[in-house]
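Reader: I'd like to learn how to read a structure like this one. Could you walk me through it, starting with the empty spaces?

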Amino acid sequence: MRLPSFRTIALSALLAGATIAAPAYAKNPNVGGAPMYTTKTIVENAVNSKDHTTLVAAVKAAGLVDTLQGAGPFTVFAPTNEAFAALPKGTVDTLLKPENKDQLTKVLTAHVVAGKISGKDMMAKAKAMGGKYEMKTVSGDTLTAEVKKGKLYIVDESGGEAKVTIADVNQSNGVIHVVNKVLLPK
């Protein structure tokens with residue numbers, strides 16, 4: 001019986017190691033033209049997304065930067081600039097005024113759930129619970145995950161529906177799911 005050479009064993013070990021390690025380095029999606037890094041916080045990544053400049057400005061105006069750079073974990077449903085632009089004219093400007101900080105904070109924290117919940121988990125929980133999975137937000141409001149035609153939607157308490165356009169953008173302190181509408185608290 002012929003024994004394998006050292007070279008064959010070494011190559012086999014290298015290939016086996018690469019196969020096992022590959023999933024650990026799964027690439028995060030780019031958001032707003034920028035790479036998102038699992039080693040950075042929600043805020044550190046969001047500031048680089050050209051699609052989230054309004055959200056970042058709002059987070060700063062509300063004084064939530066330190067919170068969203070904290071340990072978490074957080075699940076954030078991140079509306080795009082287009083989502084904010086779709087609000088009635090003047091809404092964003094009004095919310096960004098210092099005298100409306102409490103209202104802005106309420107709107108923003110209605111997009112944040114404590115814990116890290118993947119898109120796959122939300123879909124599975126929704127299916128297991130008759131089509132809807134309710135999540136309590138940091139603001140105390142309820143968001144509901146629903147699956148429609150294989151796509152994940154987040155519904156606010158007012159019945160507003162946001163489609164998750166990019167799911168599972170992993171961060172060092174949680175996960176971001178990009179949504180196409182601003183979710184509004186009651």
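Author: Sure, and let's begin with a term. A cavity is a set of grid points where a 1.4 Å probe fits but cannot get out, whereas a pocket is an open set. Keep in mind that this is a predicted model.

Reader: What is the probe for?

Author: Rolling a probe the size of a water molecule over the atoms shows where empty space is left.

Reader: And how many cavities of 30 Å³ or more does the count come to here?

Author: The count comes to 1 cavity of that size. The largest cavity has a volume of about 40 Å³.

Reader: Which residues line the largest cavity?

Author: Its lining is made up of Thr54, Ala58, Phe84, Val92, Leu95, Leu96, Leu104, Val107 and Leu108. By class, that lining has 8 nonpolar residues, 1 polar and no charged.

Reader: Which helices supply at least two residues of that lining?

Author: Helix 3, helix 6 (91-95) and helix 7 each do. The largest share, 3 residues, belongs to helix 7.

Reader: Okay, now the open kind. What volume does the largest pocket have?

Author: The largest pocket comes to about 320 Å³. It is lined by 28 residues, and the closest to its centre are Ile42, Leu55, Val59, Leu68 and Val76.

Reader: Where in the chain does the lining of the largest pocket come from?

Author: Several elements each give at least two residues, among them helix 2 (42-46), helix 3 (53-62), helix 4 (65-68) and helix 7 (101-109). Strand 1 (74-79) and strand 7 (174-179) do so as well. Strand 1 brings the largest share, with 5 residues. As for chemistry, the pocket lining splits into 22 nonpolar, 5 polar and 1 charged residues.

Reader: Let's try a single residue. Is Glu82 buried or exposed?

Author: The cut-off for exposed is over 50% relative accessible area. Glu82 is at 68% relative accessibility, so Glu82 counts as exposed. You'll find Glu82 in helix 5 (residues 81-85).

Reader: What separates the C-alpha atoms of Glu82 and Asn180?

Author: Those two atoms are 7.3 Å apart, though the residues sit 98 places from each other along the chain.

Reader: Now strands. How do I read the pairing of strand 3 and strand 4?

Author: Look at the direction and the bridges. Strand 3 (residues 132-136) and strand 4 run antiparallel, joined by 5 bridges. For instance, Lys132 has Glu146 of strand 4 as its bridge partner. The hairpin that these strands form has 5 residues between them, and Gly140 there takes a positive phi near 95 degrees.

Reader: Which strand is on the other pairing of strand 4?

Author: Strand 5 (residues 151-155) is joined to strand 4 by 5 bridges, again running antiparallel. Here Thr144 has Val155 of strand 5 as its bridge partner. In this hairpin there are 2 residues between the strands, and Lys149 takes a positive phi near 50 degrees. Strand 4 (residues 142-148) is mostly covered, with 5 of its 7 residues buried.

Reader: Last one: what does the chain average in pLDDT?

Author: pLDDT is the predictor's confidence in each residue. The chain averages 81, and 85% of the residues score at least 70. Among the elements, strand 3 has the highest mean pLDDT, 95, and helix 1 (residues 6-21) the lowest, 35. Over residues 3-25 pLDDT stays under 50, and the model has 1 contact beyond four places in sequence for that stretch.

Note on methods: Residues numbered from 1 in each chain as written. Predicted model: local features only at pLDDT ≥ 70, side-chain atom pairs only at ≥ 80, totals over all residues. Heavy atoms only, no water. 1 Å grid on protein atoms, 1.4 Å probe; cavity = no way out; pocket = protein on both sides within 12 Å on 5 of 7 lines; lining within 4 Å. Points joined across faces, edges and corners; volume = space filled by probe spheres on them. Helix = DSSP H or I, 4+ residues; strand = E, 2+ residues; numbered from the N terminus. Nonpolar A, V, L, I, M, F, W, Y, C, P; charged D, E, K, R; others polar. Buried < 20%, exposed > 50% of the residue type's maximum accessible area, 1.4 Å probe, protein only. Pairing = 2+ DSSP bridges. pLDDT = per-residue confidence, 0-100. Contact = heavy atoms within 4.5 Å.
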